[in-house]
Amino acid sequence: MAKAGVIGLASLGLSLAASTFTSPASAQAPAGSVRHASFNDARWGDAVADALSLNLLGRNEASVDPGSLYTVERAIGARAVWQQRDSANRQITGQGVTVALLDSGAAEVSGLDAPGKLSHGPDLSIESNGVLTDQDTYGHGTHLAGIIAGRDAAAPTGKSLASAAASVQLGVAPDANLLSLKLATTDGSTDVSQVIAALNWITEHQTNYDGSPVRVVNLSFGTDSVQPYQRDPLAAAAENAWRHGLVVVVSGGNEGPSAGRLTDPAIDPYVIAVGASDSNDTPAGWNRPAVAPFSSSGSWQRHVDLVAPGTSIVSLRAPGSFIDTNHPEGRVAGDSTERLFRGSGTSQAAAVVSGAAALLLQAYPNLTPDQVKSALVSTATPMRASPLSAGAGQLNVAAALNSVRSANPLKLARSADQDFPVSTGQGSLDAARGGDALVDADGVPLTGEIDVQGNPWDAAAWWAASSTLTSWVGGDWMGSTWTGSGWAGAGDDLESARWSSARWSSARWSSARWSSARWSSARWSSARWSDSTWS
């Protein structure tokens, strides 16, 4: 998963650069320079999985691919859930549930382009000040979107989706809808204040443009903040969303078995913190998985709640994005459609769990976030691994659904309630960045108790507003304009599925200034999704 206050996208042939990471030790850094606190073991592509998945004609065979969504969904019981029905006699495929994806955006590629499948909330990235509003120029968000709720047009209708061919791309909850909030720029950059603003926005706007309820939030992002979660503003924003009815699924981190600590906001005990499991490159390996070598271990006080498949996962590619351009090894060998990409990380594992949560919430829409978490964690398949790395074990959504179906409602409510100390976020915004910072076009890092627009951070005023759902008024967050004031368009479905935009008043991130530098591919030759930001 991610590490710090930034995320990045792909160049798309444009010059988009000067926001990135820097060490707090350098008061000034040249625009476009990058300093990584550490590198993680997650990877793009998997030559072994590619080779094992080729048929005699040299084509990818999803049924034997250890990372295909077909294989993963069979392993976690999702395809068994699709064969069951809810109280309205609908297949349990995520229907009527919207999952908010707070990431780098999502491209309307095949599998995400059906009417109503993907809508775009406010673009809170720096690129909203230019011509790339809502575009996934990084590629990370598109990959996760496909895992959560992708659905190919070739999927069967009128019968169980579980009968679809293995080659048909279907996310874990293929009939759920997606609400994308773009936070990252082409280089993957974002500031923690942008993530907090996005969490506040989705907490205060829990209805999609078409009236469907937003029930799940996927946040595959984290920083190295060492503040107690009770004082950390990022953790408080995630917990606030949870307390207001949203199931918040967060990646636990890609720092490996020696980490000893989850990233922020996975440190908050209320949210669902997800680690990654590993099949050892065999489809049958998911029946007896290991913890992925990059998946962060925690402590006895806080570790991941469970793990989910997170190695060599095949999902949708965002053509021309930063990841696509700089990591051609991620393209799936033998993929005649040229639309698939393979990636590993706790980001992918979190997306799998978000899809599973959507399935439970279609079947039982009255479940609270605590009850969803309890059902998923209590039915996870135990593993031969320490709970510090594996939590309760690997996700089994079919078992979770059965447990809810057979549970006494009163007993379920009492056993699921969490009563940890509450986070109010009265600590430091700068400490929440975990030592990473955006760098503007002049090479000056964004540090101190200010948000990305340069506004002073007032923790008390922020908590008073966010906890009462008043931090956003139209397109203004905490008194400053961040986006437009409502859904664009009136009657057209395509237009009404997009939030209107507005330019920031801060000149520091104006398009003319930050787009003047270009990332050199050499600087990013070793970058991975799990590098210092998004998992």
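This report describes a helix pair, a small sheet, a pocket and two backbone features in a predicted model.

**Helices 8 and 9**

Two packed helices are described by the angle between their axes and the distance between the axes. Helix 8 covers residues 346-363 and helix 9 covers residues 369-378. Their axes come within 11 Å and cross at roughly 115 degrees. The crossing of helix 8 with helix 9 is right-handed. On the side of helix 8, the residues in contact are Val-353, Ala-356, Ala-357, Leu-360 and Leu-361. Helix 9 contributes Val-372, Ala-375 and Leu-376. Sorted by class, this contact holds 8 nonpolar residues, with no polar and no charged ones.

**The sheet of strands 11, 12 and 13**

An open sheet is formed by 3 strands, in the order 11-12-13, and the pairing is antiparallel. Strand 11 (472-473) and strand 13 (480-481) are the edge strands, and each of them pairs on one side only. Strand 12 consists of residues 476-477 and is joined to strand 13 by 2 bridges. These two strands run antiparallel. Across from Ser-480 in strand 13 stands Trp-477.

**The largest pocket**

The largest pocket encloses about 210 Å³ of space. Its lining is made up of 16 residues. Those that lie nearest the centre of the pocket are Asn-60, Ser-167, Asp-335, Thr-337 and Leu-340. By class, the lining of the largest pocket has 7 polar, 5 charged and 4 nonpolar residues.

The two contact sets described so far can be set side by side by class.

| Set of residues | Nonpolar | Polar | Charged |
|---|---|---|---|
| Contact of helix 8 with helix 9 | 8 residues | no residues | no residues |
| Lining of the largest pocket | 4 residues | 7 residues | 5 residues |

**Backbone features in loops**

Where does Pro-265 lie in the chain? Pro-265 is in the loop that links strand 5 (247-251) and strand 6 (272-278). The peptide bond that leads from Asp-264 to Pro-265 is cis, and its omega is near 20 degrees.

Another loop runs between strand 2 (118-120) and helix 4 (140-149), and Asp-134 is found there. Asp-134 has a positive phi of about 75 degrees, although it is not a glycine.

Key. Residues numbered from 1 in each chain as written. Predicted model: local features only at pLDDT ≥ 70, side-chain atom pairs only at ≥ 80, totals over all residues. Heavy atoms only, no water. Axes fitted to C-alpha atoms, helices over the stretch in contact; angles between N-to-C directions. Helix = DSSP H or I, 4+ residues; strand = E, 2+ residues; numbered from the N terminus. Left-handed = near helix turned anticlockwise from the far one by under 90°. Contact = heavy atoms within 4.5 Å. Nonpolar A, V, L, I, M, F, W, Y, C, P; charged D, E, K, R; others polar. Pairing = 2+ DSSP bridges. 1 Å grid on protein atoms, 1.4 Å probe; cavity = no way out; pocket = protein on both sides within 12 Å on 5 of 7 lines; lining within 4 Å. Points joined across faces, edges and corners; volume = space filled by probe spheres on them.
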